[in-house]
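Please consider the sequence and the structure shown below. The report that follows describes selected parts of the chain, one topic at a time.

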Amino acid sequence: MTPSTTVRSPLRLYGRSGELAILEGFLARLWQGDGSALVLAAPPGLGRTALLHEAAAAHRPRGPVLHADGRGLPAPEALRELAAGRPLLVCADDAHTWGRASRTALISAARGLDAGSRAAVLITADDGPAFAGLPALRLGPLDEDASAALLDRLTGSAEERPCGAPGAFSGTEGLDPVVRAELLREAAGNPRLLTALTGRLTPDQLAGRTPLPCPLPGAEGVLAAHADRLDGLPAHTRALLLLAAAAQEHEPAGAGADALLLLRAGTRTGLPRDFLDGVLFGSAATEGFLQRAGSRVHFSHPLDARAVLHHASPACRRAAHELLAALLAETGGHRVPLASLVQLSCAASGPDHALAARLEAAATSPYPHAQRSSALARAAALAVDQPLRSARFAAAAEQAALSGDPALARALLARTGPSAGEPRHGLAPYVHGLLALRTGPAADAHEALLAAAELLGPYDPRRALDALVGAAEAAWVMGDAAGYLEAMARVEPDPYDRVSAAYRAGMCAVLAGRTAAGHALLRQCLDPVDPAPAALLRAGVAALVLGEVAVACRTGARALAAVRAKGPDALLPQALEHLAYAELRAGRHAAARAHALEGLHAARRTGQPNSSVHLHAVLALAASVEGPAEACAAHSDAALAGAGPHGLAQAATLATWARARADLAAGRSDEAAARLGPLVRPGPRQGHFAARMLAVPCYVEAAVLGGRGGEEAGELRAAVAEFARWTTRTTDPQAPAQLARCRALLAPAEEADARYAEALAHHDRAGGDFERARTQLLYGQWLRRRRRTREARTPLRDALVAFQRCSARAWAERAAGELRAAGEQGPSVRPAAGDVLSALTPQQQRIARCVAEGATNREVALRLSLSPRTVDHHLRNVFAALAIRSRTELARLLGPEDP
């Protein structure tokens with residue numbers, strides 16, 4: 001116990017800004033003469049000592065620091081003398097290791113700090129009950145960003161660590177992304193463990209040139225510190241903890257252990273039944289090690305289970321695993337369950353070729369992909385032959401990816417290493433390609449999967465086929481029709497799978513311009529006999545290409561049900577995306593939004609950012625109908641932010657279309673035309689080949705309403721002509737009506753009436769409230785511009801009701817405004833009571849709102865189909881009625897809360 005006078009150079013603390021702020025408040029109160037006590041409680045390795053040193057360093061300029069040890073504290077008089085009238089900070093590090101008498105004295109001193117005390121006590125201890133009752137700040141693991149920042153420092157420039165030291169790593173080489181993911185996953189937010197693991201790897205291992213060892217070295221010190229508490233526990237508790245830790249080995253990460261299995265195992269080992277019942281099903285304590293959640297038992301901290309296994313002797317560990325294996329085998333009948341084989345692999349004292357082969361053979365359906373991945377990783381660890389180990393780790397990574405755990409998949413890939421020339425050396429590139437398809441640039445995925453298909457072809461035709469289909473999918477989302485055809489052309493037709501062969505040939509024919517032949521082939525795929533999710537998803541794509549949106553919805557629902565029932569979990573975001581997009585095409589916007597939101601959550605849970613991008617685009621399209629405009633903008637921005645770096649042209653096209661449709665709803669025709677023009681016209685910014693035609697009706701509407709009909713007449717006619725050709729090739733029920741609407745917008749006055757009537761007749765046959773209402777809105781607006789006001793009210797009224805029926809609020813507001821301008825005070829979309837504009841006519845209200853948004857007179861005229869002179873006349877009357885003299889006053893008067 002000595003006063004500290006050494007000035008330390010504190011390490012940078014990552015991810016502890018909140019804790020440092022609390023310590024700053026703790027010290028500030030001490031400096032103001034109101035000292036208190038605080039316990040920094042955390043499991044080993046989370047930085048409690050570093051925080052204590054940080055606090056001590058911050059306090060030294062203000063007063064003395066006393067570092068206490070387990071020999072006790074000075075009397076209060078001695079402390080006052082030591083302080084010499086200045087605030088005193090007493091630091092007690094690792095106080096949970098002190099003897100009982102010393103801990104009692106420390107607790108007494110901490111509790112004896114009265115208000116106005118000039119001393120404070122800062123204690124660090126584990127998260128056990130030793131200092132219960134004192135104010136405590138409990139430290140959690142570092143979050144992902146903080147862990148990544150620490151890892152960047154650990155693997156940064158050579159100056160940060162001694163050259164030649166273990167783990168010293170030149171920043172010029174770069175840390176391999178897969179190795180990075182494995183280190184972060186293994187450390188689980190523990191900075192001391194991350195530092196130890198990184199320090200034990202060689203530069204070649206950090207750079208990904210050689211495979212990572214299994215298990216990673218360096219965790220011994222942290223695990224030993226976690227296990228220190230075990231020695232003081234009763235024998236029964238230690239035995240049950242060992243069984244609980246061992247029982248987690250065959251379970252998915254985070255699933256804990258089965259309480260009934262632990263009950264059977266504990267009973268078999270002779271543990272008292274009342275003790276087992278109390279811990280597993282009652283409220284008996286295990287010194288904070290175990291927690292119950294229903295029928296599952298979890299360790300309070302993820303490193304505790306590993307620490308228990310590390311602390312036990314090899315013989316005790318082996319006995320626990322063998323007992324669990326026997327108990328699990330008893331439930332498997334004539335077939336040994338996979339979980340039993342995993343437990344036997346944990347009991348193995350070294351390589352075991354026969355057991356590894358049994359594990360590999362058993363890791364198939366119907367076991368979940370996560371269990372298969374765990375078993376294959378165990379099989380790899382039991383192998384001696386490096387190529388065989390690599391192949392099994394790659395197979396385990398594939399199953400982890402299918403289970404929706406890309407981080408684990410990358411960690412397993414980090415253990416494969418180079419294996420060129422081996423029969424299954426294409427498996428690792430294949431898994432890399434699958435991960436890139438969901439998480440990285442689509443171009444990378446395309447090339448990786450093409451290369452993997454060539455490597456796998458002679459040895460694994462099934463995976464080679466899957467790789468080519470994946471490469472085609474990557475080309476599709478990029479908008480690379482030639483790349484799609486290249487990948488599909490390399491698929492060998494399977495005489496026993498006629499549906500897949502028809503799908504391949506049909507898609508290639510459509511993209512090559514042989515539409516009729518392609519459609520005939522794709523119709524053979526619409527009702528697959530194969531109930532597998534992948535087959536159903538292909539059928540849904542075929543239906544959308546054909547324009548059979550009702551079939552696409554039914555097939556999408558079947559695919560979603562199949563994924564929910566059978567997996568794989570990694571397909572859930574895609575199944576929800578396909579169904580939501582089909583529902584959008586069918587006009588079922590609310591259902592599409594619900595499924596897309598669920599898909600977005602699933603994509604985030606399974607670590608698939610590319611799927612998130614596509615789902616944001618679908619949500620933007622739904623919000624462009626239902627609103628609010630802020631939601632459409634947010635989802636569109638999110639989709640475009642992810643689509644750009646990863647080359648997801650399809651998502652970018654849909655997101656841009658959504659933003660433009662929201663502009664149309666708000667009357668911003670010029671902005672909508674500016675967004676859509678590059679998508680539908682030829683040029684380098686042309687939209688995705690499968691989505692751009694869908695945006696043509698919006699483009700024509702925006703250009704005509706925005707006054708571009710004259711200057712862009714050629715482009716508009718070309719776009720409509722191309723849309724007409726597409727309409728003849730699709731069975732999309734809305735396409736004929738949309739084509740007639742486009743022709744009505746471009747037609748001379750003497751033809752427009754008939755064109756609108758033709759469009760409405762098509763709508764009567766096709767159904768769909770939203771598209772019909774849009775045609776009625778445009779027809780009513782056209783009639784009002786022709787001064788046929790009385791006739792305009794009927795289609796405008798019908799449009800308003802239809803928009804309200806499908807919850808298209810912004811569109812309903814636009815229809816209501818047109819209806820008021822036609823002289824009918826239709827149902828108000830927003831309450832008008834107390835509105836500052838209530839004294840104005842409906843036309844004046846619309847002009848005032850547009851001007852308050854910043855529109856010029858010409859822009860208002862285009863938006864409301866008026867002449868600039870009329871707008872100017874009305875605006876003068878608005879100023880007079882509201883007693884204002886400028887546009888600025890009008891904007892201030894309406895304020896941001898007014899629409």
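## Helix H28

Helix H28 covers residues 572-585. At 1.5 Å a residue, its 14 residues should span 20 Å, and the end C-alpha atoms are indeed 20 Å apart, so expectation and model agree. The model described here is a predicted one.

How many of the residues of H28 are buried? The helix is mostly covered, with 13 of its 14 residues buried. Just after H28 comes Gly 587, whose phi is positive, at about 85°.

## The sheet S7-S9-S8

Three strands make up an open sheet, arranged in the order S7-S9-S8 with antiparallel pairing. Strands S7 and S8 stand at its edges; each has a single partner strand, so one side of each is left without a neighbour in the sheet. Strand S7 consists of residues 257-258 and pairs with S9 over two bridges. Within this pairing, Ala 257 stands opposite Val 297, while Asp 258 has Arg 296 as its bridge partner.

On the other side of the pairing scheme, strand S8 (residues 290-293) is joined to S9 by four bridges, again in the antiparallel sense. Here Arg 292 stands opposite Val 297. S8 and S9 form a hairpin with two residues between them, and Gly 294 in the turn has a positive phi of about 65°.

In a regular strand, side chains alternate between the two faces of the sheet. Strand S9 (residues 296-299) shows such an alternation. Val 297 and Phe 299 point to one face and are buried, whereas Arg 296 and His 298 point to the other face and are not buried.

## Thr 439 and its surroundings

Thr 439 belongs to helix H20, which comprises residues 427-439. Is this residue buried or exposed? Its relative accessibility is 17%, and because buried means under 20%, Thr 439 counts as buried.

The side chain of Thr 439 takes part in a polar contact of 2.8 Å with the side chain of Arg 410. The side chain of Thr 439 also reaches the backbone oxygen of Leu 435, at 2.5 Å. When neighbours within four places in sequence are left aside, Thr 439 is in contact with Arg 410, Gly 607, Gln 608, Pro 609, Asn 610 and His 646.

## The largest nonpolar core

The largest nonpolar core contains 209 residues. Which of them touch the most other members? They are Leu 183, Tyr 503 and Phe 803. The largest share of this core comes from helix H30 (residues 609-626), which supplies ten residues.

For Tyr 503, the contacts can be listed individually. With residues up to four places away in sequence not counted, Tyr 503 touches Tyr 484, Met 488, Leu 522, Cys 525, Arg 538, Val 541 and Ala 542.

## Unusual backbone features in loops

Two cis peptide bonds may be considered here. One runs from Ser 365 to Pro 366, with omega near 15°. Pro 366 is placed in the loop between helix H16 (353-362) and helix H17 (369-381). Another runs from Gly 627 to Pro 628, with omega near -5°, and Pro 628 lies in the loop between H30 and helix H31 (629-646).

Positive phi values also occur in residues other than glycine. Asp 94 has a phi near 50° and is found in the loop between strand S4 (88-92) and helix H4 (100-111). With a relative accessible area of 26%, Asp 94 is partly exposed. Arg 787 has a positive phi of about 65°, and its place is in the loop between helix H38 (769-785) and helix H39 (789-805). Arg 787 counts as exposed, because its relative accessibility is 77% and exposed means over 50%.

## Pro 733

Where is Pro 733 found? Pro 733 is in the loop between helix H35 (713-729) and helix H36 (735-746). Its relative accessible area is 31%, which means that Pro 733 is partly exposed.

Not counting residues up to four places away in sequence, Pro 733 touches Gly 547, Val 549 and Ala 766. Pro 733 and Arg 264 are 469 residues apart in sequence, and their C-alpha atoms are 62 Å apart in space.

Note on methods:
Residues numbered from 1 in each chain as written. Predicted model: local features only at pLDDT ≥ 70, side-chain atom pairs only at ≥ 80, totals over all residues. Heavy atoms only, no water. Buried < 20%, exposed > 50% of the residue type's maximum accessible area, 1.4 Å probe, protein only. Polar contact = N/O pair within 3.5 Å; in protein donor to acceptor, adjacent residues only side chain to side chain. Contact = heavy atoms within 4.5 Å. Core = buried A, V, L, I, M, F, W, Y, C linked by side-chain atoms within 4.5 Å. Expected span 1.5 Å × (residues − 1). Pairing = 2+ DSSP bridges.
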